[in-house]
Amino acid sequence: MKNLFAVVLVLGFSLSLFAQQKKDDEPESNVNFNKFRQLKTELATPNAYRTGSGAPGHEYWQQQADYDMAVEIDDQTQKLSGTATITYHNNSPDALEYLWLQLDQNVRAPESMSDRARTGTLSDSMSFDGFARNYTLFDGGFKIDWVRDGANRDLPHTVNETMMRVDLPRPLASGARYTFKIKWWYNINDRLLIGGRSGYEYFEADDNYLYAIAQFYPRMAVYNDVEGWQNKQFLGRGEFTLNFGDYQVSITVPADHIVAATGELQNAASVLSAAQRERLRKAAGADKPLMIVTPEEALEAEKEKSSRKKTWVFKARNVRDFGFASSRRFIWDAMGVPFGNRTVMAMSFYPKEGNPLWEQYSTQVVAHTLRTYSKFTFDYPYPVAISVHTDRIGMEYPMICFNGGRPEADGTYSQRTKYGMIGVIIHEVGHNFFPMIVNSDERQWTWMDEGLNTFVQFLTEQEWERDYPARRGKAFTITGYMGGDKRRIVPIMTNSESLYQFGNNAYAKPATALNILRETVMGRELFDFSFKTYARRWMFKQPTPADFFRSLEDASAVDLDWFWRGWFFTTDHVDFSLDRVRWFTVSTADPDIEKPLAKKREDDLPEYIGDTRNKSAVAQTMVERYPELADFYSEYERYDVTDWDRKRFERYKKNLSQTELAALENKDNFYEVTFTNIGGLVMPLILELEYADGTTEIKKYPAEVWRMNEETISIIVVTAKEVVRIKLDPFRELADVDESNNAWPREVEESRFKLFKRREWPNPMQRAKRAEEARQKAAQEEKREE
């Protein structure tokens with residue numbers, strides 16, 4: 001007789017392999033849909049510009065655009081006007097016949113493409129805010145006065161919606177540069193009335209404005225090895241694709257305004273008082289924020305409203321954009337953040353309406369963000385980082401961002417307001433790293449900056465405060481979206497302007513995916529090294545999704561193609577069902593042990609209902625009536641142990657080796673655990689085993705366990721102790737959308753429903769009667785007063 005232990009193992013593993021084999025009738029075309037196939041056709045072929053490792057190639061190049069600008073805000077008409085001298089450096093190997101510039105303000109021009117492409121429905125009610133935002137007539141968009149070359153000769157140019165083509169007198173050769181000039185103006189939008197990433201906030205109580213200004217100048221479009229000219233129209237969602245360059249910007253505003261801007265202030269002696277300059281000097285060495293412009297000084301400026309003007313001059317090197325804010329209502333505080341032998345100035349500018357939250361938290365949050373992001377990427381390289389408060393906003397630019405989070409008028413605030421304000425500051429300051437330095441193409445791929453930034457935001461929030469109420473990042477917070485209506489979900493790898501559920505798709509899902517990579521798939525050490533490798537490779541460069549995917553694999557030796565494919569290229573979700581558990585032990589083959597066990601198992605089975613009823617329904621059977629019908633088997637007990645059984649067992653043991661005898665005596669428990677992949681996304685399996693003695697153990701299986709069968713698999717769990725419970729995904733780290741099928745035995749979850757009392761509304765006659773009674777009562781009271 002063969003070894004029963006071997007029989008059990010062969011049977012168990014054969015069942016597993018059988019379940020994983022390809023069915024004979026499966027179409028051959030299905031082979032191409034294996035979830036573990038490599039990302040070869042989806043990613044661009046590596047070349048001399050971008051390597052297969054995800055690093056920039058030895059011939060990598062990118063363009064540069066330098067700006068020398070002078071702009072002025074008219075505080076009476078809310079108009080911005082400016083001139084710019086742009087020097088464009090053609091570092092590409094190609095000769096360029098024309099240049100493309102972005103005119104993003106044209107998204108608010110009358111009859112713009114974004115307006116014409118908007119869809120909507122009407123109902124019998126609409127909020128005033130919604131009506132104003134959608135139907136207020138506004139003369140927006142750039143008004144281009146002229147475009148000229150360096151010798152002030154007019155250049156032919158063509159405006160196409162949010163893009164402008166400047167035709168060059170001769171092709172711009174590789175390695176050459178070209179200087180030209182533009183003069184323009186535009187009406188600044190009331191941001192709270194009609195929306196926008198920039199604009200003004202009006203304070204009616206004191207008739208003052210706070211300007212948060214961005215996309216205020218014609219900006220060079222990107223020409224690169226991937227897209228050629230990235231001149232896809234701006235419809236409002238797909239943000240910006242920009243070149244690095246050096247900026248000098250002169251900003252003329254009312255003399256009592258305080259200006260915050262990208263870069264370093266060049267003429268502090270002309271625009272700040274001696275006391276303010278001294279405070280700024282002291283703040284550089286402070287470990288807590290110090291006031292530069294005090295609340296009292298800001299309040300005094302609110303009242304005076306100077307009619308004079310001042311010009312603030314800023315310089316910024318190697319930035320991809322420029323933004324600024326201006327108001328006489330600004331309070332300004334600052335502190336220094338050391339990075340080696342450098343000090344970065346963390347600053348906040350806010351009106352009094354931001355307090356007490358902003359004075360207490362903003363600059364500290366800026367400093368904390370710089371430290372934490374630097375730990376996971378690279379040391380923050382710029383000299384300043386600024387957080388500006390204006391109501392209901394979150395927008396980012398190099399070294400400066402605009403953030404909401406406003407207390408009530410009485411100074412109180414909700415928990416949501418507090419953590420919303422801290423979260424948005426972390427997020428927008430964090431954008432200095434993605435995409436202001438790791439300069440991805442926002443117009444094409446929102447997730448490459450928003451998703452990565454939201455991920456590091458989550459890490460930064462966890463280091464701000466224990467149990468920080470993060471909105472995004474934890475695996476279980478994305479399940480509602482991923483398991484939702486697939487008609488309203490598209491893959492992450494979808495162009496920015498075509499995304500459904502923008503926040504979930506471009507922010508939450510990629511951030512969650514990276515968190516799962518870090519905590520579950522790769523582990524923190526491997527992930528952190530790989531993520532930092534990507535960030536450092538591509539700082540001050542222009543990466544693509546392929547560069548990101550390849551860099552993380554290259555630096556970790558972890559094949560993640562299955563992960564990128566499932567999470568980024570499909571709308572599959574995680575839903576594993578723990579369907580069945582079968583328990584095996586090794587049979588001893590000893591009849592004195594095995595036959596009593598078999599009899600007990602049979603005796604423990606419930607009695608068939610027919611047998612129970614027949615005991616009373618059948619008065620006498622034929623054998624009972626005619627005993628001569630009975631024979632040997634009428635009294636035979638198949639579970640009785642005989643001498644023949646014992647002798648056969650002894651002969652069987654004599655044929656076994658010592659190794660086989662030891663196997664026969666194995667006391668382990670063997671569990672065949674079967675899972676179904678309902679959601680389609682392949683992921684690792686994490687099991688918590690609870691034993692009969694009350695102890696628990698975690699077992700982890702890589703995603704590759706699904707590689708031979710993506711729908712149903714069985715795994716064999718071998719334990720010394722008896723398992724009484726198995727829990728799949730015990731730490732909620734897989735983003736499983738249905739946790740009700742994650743346990744064996746099945747668990748019943750308690751839920752609760754609310755009772756409510758139906759409210760009876762008065763009918764029209766009752767309302768009229770009550771109104772008449774109220775009128776009569778008011779008349780009687782008026783008569784008594786007379």
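A search of the whole structure, which is a predicted model, finds 57 aromatic pairs. One of these is formed by Tyr-98 and Trp-100, whose rings meet edge-to-face, with 6.4 Å from centre to centre and 85 degrees between the planes. The two partners fall into separate classes of accessibility: Tyr-98 is partly exposed, with a relative accessible area of 32%, whereas Trp-100, at 12% relative accessibility, counts as buried. The rings of Trp-447 and Phe-549, by contrast, are stacked, because their planes lie at 10 degrees, with the centres 5.8 Å apart, and planes under 30 degrees apart count as stacked. This pair links distant parts of the chain, since Trp-447 belongs to helix 10 (residues 447–464) and Phe-549 to helix 14 (residues 545–554), 102 residues apart. Trp-447 is buried, with a relative accessible area of 1%, and Phe-549 is likewise buried, with a relative accessible area of 1%.

Trp-447 and Phe-549 are also members of a cluster held together by ring pairs, which includes Phe-36, Tyr-534, Phe-548, Trp-562 and Phe-563. Also among the members of this cluster are Trp-564, Trp-567, Phe-568 and Phe-569. Aromatic rings are further involved in arrangements with arginine side chains. The charged end of Arg-148 sits over the ring of Trp-146, at 4.0 Å from the ring centre, and Arg-759 lies over the face of Trp-761, at 4.1 Å from the centre of that ring.

Turning to the sheets, an open sheet of seven strands with mixed pairing has the strand order 4-7-2-1-13-17-15. Its edges are formed by strand 4 (143–149) and strand 15 (264–265), each of which pairs on one side only. Within this sheet, strand 1 (residues 64–74) and strand 2 (residues 79–89) are paired in the antiparallel sense over eleven bridges, and the bridge partner of Asp-74 in strand 2 is Lys-79. Strand 13 and strand 17 also pair in the antiparallel sense, here over nine bridges, with Thr-252 standing opposite Thr-311 in strand 17. The pairing of strand 15 with strand 17 is antiparallel as well and consists of two bridges, and Glu-264 stands opposite Lys-315 of strand 17.

A second open sheet contains six strands in the order 16-19-20-21-23-22, again with mixed pairing. Strand 16 (290–293) and strand 22 (394–397) are the edge strands of this sheet, each pairing on one side only. When direction is ignored, neighbouring strands of the six-stranded sheet are turned by 20 degrees against each other on average. Helix 7 (residues 295–304) packs on this sheet, where the helix touches strand 16 and strand 19 (331–339), and the direction of helix 7 makes about 20 degrees with that of strand 16. At the other edge, strand 22 is joined by four bridges to strand 23 (residues 400–403), and these two strands run antiparallel. Met-395 stands opposite Phe-402 in strand 23.

Two loop residues were examined individually. Gln-230 is placed in the loop between strand 12 (228–229) and strand 13 (245–254). With a relative accessible area of 5%, Gln-230 is classed as buried, because buried means under 20% relative accessible area. The side chain of Gln-230 reaches the backbone nitrogen of Lys-232 at 3.1 Å. Residues up to four places away in sequence not being counted, Gln-230 touches Met-163, Ala-221, Val-222, Thr-241, Asp-441, Arg-443 and Gln-444.

Gly-323 is found in the loop between strand 17 (309–319) and strand 18 (324–327), and is buried, with a relative accessible area of 0%. With residues up to four places away in sequence again left out, the contacts of Gly-323 are made with Ile-213, Phe-216, Ala-260, Ala-261, Thr-262, Tyr-397 and Ile-400. Of these, Tyr-397 falls within the residue range of strand 22 (394–397), and Ile-400 within that of strand 23 (residues 400–403). Gly-323 and Val-344, which are 21 residues apart in sequence, are 18 Å apart in space from C-alpha to C-alpha.

Methods:
Residues are numbered from 1 along each chain as its sequence is written. This is a predicted model: local features need pLDDT of at least 70, side-chain atom pairs count only at pLDDT 80 or more; totals for chains, interfaces and linings use all residues. Side-chain values use heavy atoms; hydrogens and water are left out. Two strands pair if DSSP finds at least two bridges between them. Axes are lines fitted to C-alpha atoms, for helices over the stretch in contact, and angles run from 0 to 180 degrees between N-to-C directions. Contact means heavy atoms within 4.5 Å. Buried means under 20% relative accessible area, exposed over 50%, partly exposed in between (1.4 Å probe, protein chains only). A polar contact is a pair of N or O atoms within 3.5 Å; within protein, one must be able to donate a hydrogen and the other to accept it, and residues adjacent in sequence count only if both atoms are side-chain atoms. Rings of Phe, Tyr and Trp (its six-membered ring) pair if their centres lie within 6.5 Å; planes under 30 degrees apart count as stacked, over 60 as edge-to-face and the rest as tilted. A charge sits over a ring if NZ of Lys or CZ of Arg is within 6 Å of the ring centre and within 35 degrees of the ring normal.
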